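Please explain how this structure is held together by contacts between its side chains, and where empty space remains inside it or at its surface.

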Amino acid sequence: MSNNYQHHNNYRGSSTSQQMNGLRPHHLQNGDCGDDGDCYRRGGGSNRLTNGYSVKPLDNVAVPDMCIFCFEVLDCELNNVEAPGTPKFTNDAYPLFVTWKTGRDKRLRGCIGTFSAMHLHNGLREYALTSALKDSRFAPIAREELPKLTVSVSILQNFEEAHGYLDWTLGVHGIRIEFLNERGYKRTATYLPQVATEQGWDQTQTIDSLLRKGGYRAAITPETRKSIKLTRYRSQEIQMNYKEYREVLERRAQYGKVQC
């Protein structure tokens, strides 16, 4: 079992609640199949999942410019230059996560977000830096690491209280759990939708890993799992690596040139 996600997707804040320039958004569209093959069909105002319950369609929010903006914010911070101006994508409010990975194997380098709905311009500006520089599991990202980075932006939607710890679908839902640890203290932990399928876990393995991530140290029993309060949610994820980011900037610079 990989260690990359044992503490993945830390978050801050409240515990409740287009392609452009030839780059293809890496998020799950309504009507597609998840990585586990759990397909869902179009139908009316919701989509019917194979386990029998419905989910509302996702708002189409995530766009490549969000990744570009996160790279620009971090690039400016590490090079001590003026921060980028106001981006052109929507400034609607959503819960969000920013994840930084490094190298060809995309090792986790920082991941922090919030379950509080934030206006996206300020939210992505804040969490691009918080995730890169203030994730307590890692040293701050250094300037020389920039060319190796990949950034992912996750926009969270459709929060629903689950009926039991298995009332969610692999590859479709992210999950947030609340539980009491062995000392009786309330703890929380979350995984974004892609984590379980990337790691090859089934639902029970995901729950057990999430309990450990949240600090549960005692033996995990069926009763432990049944005591969990689980909230499921969905996410649009968009990702981009540094090379793609630089290519977009160069194309935009070329478009901006004017000949006399």
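The paragraphs below take up charged contacts, aromatic contacts, and then the spaces between the atoms.

The model is a predicted one. A search of the whole structure finds ten salt bridges, and three of them serve here as examples.

The salt bridge between R107 and D105 has its closest N and O atoms 3.4 Å apart. R107 is partly exposed, because its relative accessible area of 42% falls between the limits of 20% and 50%. R137 and D135 also meet through their side chains in a salt bridge, with an N to O distance of 2.4 Å. The two partners in this bridge can be described separately: R137 is partly exposed at a relative accessible area of 26%, whereas D135 is buried, with 2% relative accessibility.

The third example joins E160 to R232, whose side chains form a salt bridge of 2.9 Å from N to O. This pair connects distant parts of the chain, since E160 belongs to strand β6 (residues 149-161) and R232 to strand β9 (residues 229-241), 72 residues apart. E160 is partly exposed, with a relative accessible area of 23%, while R232 is buried at 6%. The contact does not stand alone: salt bridges with shared partners bring E160, D167 and R232 together in one network.

Aromatic rings provide another group of contacts. How many aromatic pairs does a search of the whole structure find? The search returns eleven. One of the pairs is formed by F115 and Y233, whose ring centres are 5.5 Å apart. Their planes lie at 75°, so the pair counts as edge-to-face, the cut-off for that class being over 60 degrees. F115 is in strand β5 (residues 107-119) and Y233 is in strand β9, so this pair ties together parts of the chain that are 118 residues apart in sequence. Strand β9 therefore takes part in both of the long-range contacts described so far, through R232 and through Y233. Both rings are out of reach of the probe, as F115 has a relative accessible area of 0% and Y233 likewise has 0%.

A second pair is made by Y191 and W201, with ring centres 5.6 Å apart and planes at 40°, so the arrangement is tilted. Here Y191 lies in strand β8 (residues 186-191) and W201 in the loop between α3 (193-199) and α4 (203-213), the two being ten residues apart. Y191 and W201 are both buried.

Other contacts also involve aromatic rings. F71, W100, Y242 and Y245 form one aromatic cluster. F115 appears again in a contact with a charged residue: the charged end of R176 sits over the F115 ring, 6.0 Å from the centre of that ring.

The chain also makes a backbone approach between separated positions. G103 is found in the loop between β4 (93-102) and β5, and G103 counts as partly exposed at 25% relative accessibility. The C-alpha atom of G103 is 5.2 Å from that of K148, although 45 residues separate the two along the chain.

The remaining topic is the space left between the atoms. Rolling a probe the size of a water molecule over the atoms shows where empty space is left. The largest cavity has a volume of about 40 Å³. Its lining includes W168, H173, I175, Y191, L192, P193 and T206, so that Y191 is named here as well as in the tilted pair with W201. Which element gives the most to the lining of the largest cavity? It is α3, with three residues, and both β7 (174-180) and α3 supply at least two. By class, the lining of this cavity comprises seven nonpolar residues, four polar residues and no charged ones.

The second largest pocket holds about 210 Å³ of space. Among the residues that line this pocket are D65, I68, F69, E72, K88, L249 and R252. Helices α1 (64-78) and α6 (242-255) each supply at least two lining residues, and the largest share, four residues, comes from α1. The lining of the second largest pocket divides into five nonpolar, two polar and four charged residues, whereas the lining of the largest cavity has no charged residues.

How values were computed
Residues are numbered from 1 along each chain as its sequence is written. This is a predicted model: local features need pLDDT of at least 70, side-chain atom pairs count only at pLDDT 80 or more; totals for chains, interfaces and linings use all residues. Side-chain values use heavy atoms; hydrogens and water are left out. A salt bridge is a side-chain nitrogen of Lys or Arg within 4 Å of a carboxyl oxygen of Asp or Glu. Buried means under 20% relative accessible area, exposed over 50%, partly exposed in between (1.4 Å probe, protein chains only). Rings of Phe, Tyr and Trp (its six-membered ring) pair if their centres lie within 6.5 Å; planes under 30 degrees apart count as stacked, over 60 as edge-to-face and the rest as tilted. A charge sits over a ring if NZ of Lys or CZ of Arg is within 6 Å of the ring centre and within 35 degrees of the ring normal. On a 1 Å grid over the protein atoms alone, a cavity is a set of points where a 1.4 Å probe fits but cannot get out, and a pocket is an open set with protein on both sides within 12 Å along at least five of seven lines; lining residues have an atom within 4 Å of a point. Grid points are joined across faces, edges and corners, and a volume is the space filled by probe spheres set on the points. Ala, Val, Leu, Ile, Met, Phe, Trp, Tyr, Cys and Pro count as nonpolar, Asp, Glu, Lys and Arg as charged, and the others, Gly among them, as polar.
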